[in-house]
Amino acid sequence: MLKKAIACLLVLAGVCSFHTSAADSKNEQFVNVNVFNKVYYGTVTKNADAGEAIFTPAGKSADFLQIEGRWDDDAFSGDCVISYKDGESAEVQYKDGLISGKIKETDPDGIFLKYSAIAGKPYKKIKSYSADSKAASVDWFYLCTPISEWKANARSIPYKELTENPYDHVDHPIEVEGEVQEIYESTKYAYFKIKDDAGNPYLFRAVTLKTDKFATPCIPNLSVGDRIKIYGVYNGLSEISDSSTILYHRLLGYKKSFDSFKDWIISEDTMKQYSDLVSVTDVEALDSLPEFTTICGEIEDDDTTADPMHLTKDYREICKYPLYYADSKVSVTGKVVYENADAESNNLVMLLSEEGTGHIYSLSMKMKDYVSYLDKKITCSGTFNGNNKIPYCNPNSLSVGYALFPNITVDKIQD
């Protein structure tokens with residue numbers, strides 16, 4: 001399975017440029033079709049009455065036998081079925097000549113996968129089911145390839161080799177085991193400094209769901225002291241000291257009571273005024289360390305490690321494993337204790353203290369007409385969507401950073 005998704009790594013993402021020419025009959029045309037951003041040439045035979053069509057790729061090297069579905073304006077549109085040579089099939093949806101939406105792959109034994117794609121590129125969660133439709137496992141895409149395949153191809157490279165011959169290993173997946181020493185946040189990235197058992201330091205950089213949906217790492221929100229096995233694509237030696245990136249400390253939602261935190265909250269503009277305070281004093285982090293773009297990671301020897309097949313919906317688990325909960329439906333009742341409205345982007349961000357627990361959730365929504373919910377009790381319904389980063393400044397310790405709270409994209413509010 002997933003042969004077709006991996007093709008995304010082999011070709012540049014692009015729109016499909018269809019063209020037609022005369023063929024054996026007026027209902028048959030020579031065209032090209034985009035399948036997961038790989039272009040195939042062949043013939044499409046149309047049923048004029050039903051609006052259905054069958055595309056057959058030319059040449060013996062094609063990865064599939066045919067595509068069957070509706071053909072409109074020189075492109076497939078809506079629900080289609082791709083039949084593969086090994087007996088596998090894929091139920092897909094076409095939009096603007098590219099596969100987008102929900103996808104179901106079924107192998108000859110009836111085992112099937114479900115996942116999603118946007119503009120021809122698969123992303124996010126992959127759910128595997130047995131032939132009798134029982135959930136079997138969960139995986140995620142990273143750059144259109146399942147994370148399980150990245151892990152299988154990862155190597156453990158000696159530290160000396162990484163630092164002395166970095167270009168021999170750039171762009172390869174590497175595995176590292178060690179302890180989290182420091183964690184920083186920038187506006188787009190998280191940075192983890194990790195030391196292996198020999199005391200060698202590494203730097204891992206991770207994006208968020210909002211930064212790049214196709215390259216979101218499957219990694220828990222880490223804490224200093226966590227023992228971790230982590231996988232990343234090697235970038236070479238870091239150059240943080242030569243960049244304009246400012247790194248901030250961070251804390252997780254369940255590690256700080258809101259009553260002690262609320263007076264620390266500041267705006268993004270105010271955050272910029274503290275740049276002198278937050279210059280990284282960790283000399284080691286400014287040196288040329290082996291730097292990686294994070295693919296995935298697992299905390300070792302952790303009693304709170306979550307099982308994506310059996311989520312508990314415990315608040316601490318939601319805070320630590322935001323990707324596991326992404327796109328899950330949720331409804332929360334509580335009091336709005338903070339709100340920030342951005343009239344220019346029509347975005348409203350609120351923090352809600354859950355009734356009965358005091359757990360803090362971040363709510364984000366688009367405003368039509370601004371209505372303040374501050375200090376009001378509301379019930380909100382929506383979907384989990386990663387974290388929301390609330391900037392803060394602790395005047396006592398002169399530390400500046402971001403607090404991460406579980407983010408809910410709100411569909412409906414009742415007050």
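1. Two strands are said to pair if DSSP finds at least two bridges between them. In this predicted model, strand β16 (residues 227–237) and strand β18 (residues 290–299) meet that rule, pairing in the antiparallel sense over 9 bridges. One of the bridge partnerships joins Y234 to F292 in β18.

2. The β16 and β18 pairing belongs to a closed arrangement. Here 5 strands form a barrel in the order β13-β14-β15-β18-β16, with mixed pairing. From one strand to the next, the twist averages 55°.

3. The bridge partners Y234 and F292 appear again among the aromatic residues. Together with Y159, Y202 and F204, Y234 and F292 form one aromatic cluster. As general background for reading such strands, side chains in a regular strand alternate between the two faces of the sheet.

4. Aromatic pairs deserve a separate point. The count of aromatic pairs comes to 25. For Y189 and Y191, the ring centres are 6.3 Å apart and the planes stand at 65°, so this pair is edge-to-face; the cut-off for that class is over 60 degrees. How exposed are Y189 and Y191? Y189 has 24% relative accessibility and counts as partly exposed, whereas Y191, at 5%, counts as buried. The cut-off for buried is under 20%.

5. A further aromatic pair joins F261 and Y392. The pair is edge-to-face, with 5.8 Å from centre to centre and 65° between the planes. Because F261 lies in helix α4 (residues 258–261) and Y392 in strand β22, the pair ties together parts that are 131 residues apart in sequence. Both F261 and Y392 are buried.

6. Another link across the sequence concerns M271, which is found in helix α5 (residues 268–272). M271 is buried, and its relative accessible area is 1%. Although M271 and G401 are 130 residues apart in sequence, their C-alpha atoms are 8.3 Å apart in space.

7. Strand β21 (residues 360–366) merits attention. Why can β21 be called largely enclosed by the rest of the structure? The reason is that 5 of its 7 residues are buried. On the one hand, β21 pairs with strand β20 (residues 347–354) in the antiparallel sense over 7 bridges. On the other, β21 pairs with strand β23 (residues 399–414) in the parallel sense over 3 bridges. L363 takes part in both pairings: L363 in β21 is the bridge partner of M350, and I408 in β23 is the bridge partner of L363.

8. The connection between β20 and β21 should also be noted. These strands form a hairpin with 5 residues between them, and in this hairpin G356 takes a positive phi near 90°.

9. The largest pocket holds about 1,000 Å³ of space. Its lining comprises 43 residues, and T208, K210, N387, N388 and K389 lie nearest its centre. Strand β22 (residues 377–394) gives the most to this lining, with 7 residues. By class, the lining of the largest pocket has 19 nonpolar, 15 polar and 9 charged residues.

10. The second largest pocket contains about 630 Å³ of space. Of the 25 residues that line it, K102, K114, K125, K127 and Y129 lie nearest its centre. At least two lining residues come from each of β8 (101–106), β9 (112–118), β10 (121–129), β11 (135–142) and α8 (322–325). Which element supplies the largest share of this lining? It is β10, with 6 residues. The lining of the second largest pocket divides into 13 nonpolar, 5 polar and 7 charged residues.

11. Finally, the enclosed spaces should be recorded. There are 2 cavities of 30 Å³ or more, and the second largest has a volume of about 30 Å³. This second largest cavity is lined by I318, P322, Y325, F384, G386, N387, P406 and N407. The elements giving two or more residues to its lining are α8, β22 and β23, and β22 supplies the largest share, 3 residues. The lining of the second largest cavity has 5 nonpolar and 3 polar residues, with no charged residues. N387, a lining residue here, is also one of the residues nearest the centre of the largest pocket.

How values were computed. Residues numbered from 1 in each chain as written. Predicted model: local features only at pLDDT ≥ 70, side-chain atom pairs only at ≥ 80, totals over all residues. Heavy atoms only, no water. 1 Å grid on protein atoms, 1.4 Å probe; cavity = no way out; pocket = protein on both sides within 12 Å on 5 of 7 lines; lining within 4 Å. Points joined across faces, edges and corners; volume = space filled by probe spheres on them. Helix = DSSP H or I, 4+ residues; strand = E, 2+ residues; numbered from the N terminus. Nonpolar A, V, L, I, M, F, W, Y, C, P; charged D, E, K, R; others polar. Axes fitted to C-alpha atoms, helices over the stretch in contact; angles between N-to-C directions. Phe/Tyr/Trp six-rings, centres within 6.5 Å; stacked < 30°, edge-to-face > 60°. Buried < 20%, exposed > 50% of the residue type's maximum accessible area, 1.4 Å probe, protein only.
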